[in-house]
Amino acid sequence: MKRDIYKSKIFYTEHRILTEFNAYIKCYESLVEVNELFLKVILDNPWWKRRYPNIKTVFLYDGGRNGQCAWAEKNAIYLPSDFRNQLHILHELSHVICCHIYDNYGFHEGVYAIHGSEFVDIYRALIKKFMGTPVHKRFTEIIEEYKIIYKLERRAE
Ligand SMILES: [Zn+2]
């Protein structure tokens with residue numbers, strides 16, 4: 001596994017975004033709400049279906065590896081109550097996407113970091129699409145401030 005150099009920078013970025021956009025970012029009371037009000041909307045979106053035709057279902061579970069942390073696998077997201085907000089949900093969905101796109105020939109050969117540029121590129125696109133321009137703009141400013149490299153060769157949008 002490639003060293004996960006951006007992990008804490010992403011954590012700080014999210015903390016700042018959640019603080020600055022506190023009134024704007026939606027939080028959900030339960031996993032049913034996460035599913036009905038956010039996840040389903042994303043998976044049904046034509047943009048999503050065009051980009052990720054193979055990701056049709058993502059299961060939601062309470063708690064992560066140790067019950068405290070959010071976590072993602074190829075078709076599942078683990079979301080303890082503190083992480084049921086739009087930003088953290090998109091973070092975990094980005095891992096789901098990375099698992100589909102890169103897992104087989106990437107992570108296990110040390111090519112990609114868990115929170116590397118490929119992850120950040122996908123995360124930014126999801127933020128822009130599902131949280132809107134103000135959050136996307138600020139997120140980009142903060143990751144640039146932290147010198148996170150996120151620009152990849154552009155795929156067809
Ligand atoms: Zn993560």
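The expected span of a helix is 1.5 Å times one less than its number of residues. Helices here are DSSP runs of H or I with at least four residues, strands are runs of E with at least two, and both are numbered from the N terminus. With that in hand, try helix H4: it has 17 residues and reaches 24 Å from its first C-alpha to its last, close to the 24 Å expected at 1.5 Å a residue.

Before going further, two points about what you are looking at. The model is predicted, so local features need a pLDDT of at least 70 and side-chain atom pairs count only at pLDDT 80 or more, while totals for chains, interfaces and linings use all residues. Residues are numbered from 1 along each chain as its sequence is written.

Now for the overall plan. The protein chain has six helices and three strands, and from the N terminus on its elements run α-α-α-β-β-β-α-α-α. Of its 157 residues, 26% count as buried. A residue is called buried if 20 or more other C-beta atoms lie within 10 Å of its own, exposed if 12 or fewer do, and partly exposed in between, with C-beta atoms placed from the backbone. Two residues are in contact if those backbone-placed C-beta atoms lie within 7 Å. Among contacts between residues at least 6 apart in sequence, 60% join residues at least 24 apart.

Let us start with the strands. Three of them form an open sheet in the order E1-E3-E2, with mixed pairing; two strands pair if DSSP finds at least two bridges between them. Strand E1 (59-61) and strand E2 (71-73) stand at the edges with a single partner strand each, so one side of each has no neighbour in the sheet. Neighbouring strands of this sheet are turned by 15° against each other on average, direction ignored. E2 and strand E3 (residues 76-78) run antiparallel and are joined by three bridges. Trp71, for instance, has Tyr78 in E3 as its bridge partner. Helix H4 packs on the sheet, where it touches E2 and E3, and its direction makes about 25° with that of E2. Axes are lines fitted to C-alpha atoms, for helices over the stretch in contact, and angles run from 0 to 180 degrees between N-to-C directions.

H4 deserves a second look. Its buried residues include Leu90, Glu92, Leu93 and His95, and the buried residues of H4 pack against H1, H2, E2, E3 and H5. Glu92 has 21 other C-beta atoms within 10 Å, which means that Glu92 counts as buried. Leaving aside neighbours within four places in sequence, Glu92 is in contact with Ala70, Ala72, Ile77 and Leu79. Its C-alpha atom is separated by 8.3 Å from that of Tyr78, 14 residues apart along the chain. Leu93, with the same kind of neighbours left aside, is in contact with Val58, Ile77 and Leu126.

Where do the nonpolar residues gather? A nonpolar core is a set of buried Ala, Val, Leu, Ile, Met, Phe, Trp, Tyr and Cys residues joined through C-beta atoms within 7 Å. The largest one has 30 residues, of which Leu90, Leu93, Ile122, Tyr123, Leu126 and Ile127 touch the most other members. H1, helix H2 (31-44), helix H4 (86-102), H5 and H6 each supply at least two residues of this core. H5 gives the most, with eight residues.

Helix H6 (residues 133-145) closes the tour. Its 13 residues should span 18 Å at 1.5 Å a residue, and its end C-alpha atoms are indeed 18 Å apart. Which residues of H6 are buried? They are Val135, Phe139 and Ile143. These cover an arc of only 60° around the axis, which puts them on the same side of H6; the arc is that of the directions from the helix axis to the C-beta atoms. An α-helix has 3.6 residues a turn, so residues three or four places apart point the same way. What covers the buried residues of H6 includes helix H1 (7-20) and helix H5 (117-131). On the other side of H6, Thr133, Pro134, Lys137, Glu141, Glu144 and Glu145 are exposed.

Ile142, also in helix H6, is partly exposed, with 19 other C-beta atoms within 10 Å. Leaving aside its neighbours within four places in sequence, Ile142 is in contact with Thr13 and Arg16. The C-alpha atoms of Ile142 and Thr13 are separated by 6.3 Å, although their positions lie 129 residues apart along the chain.
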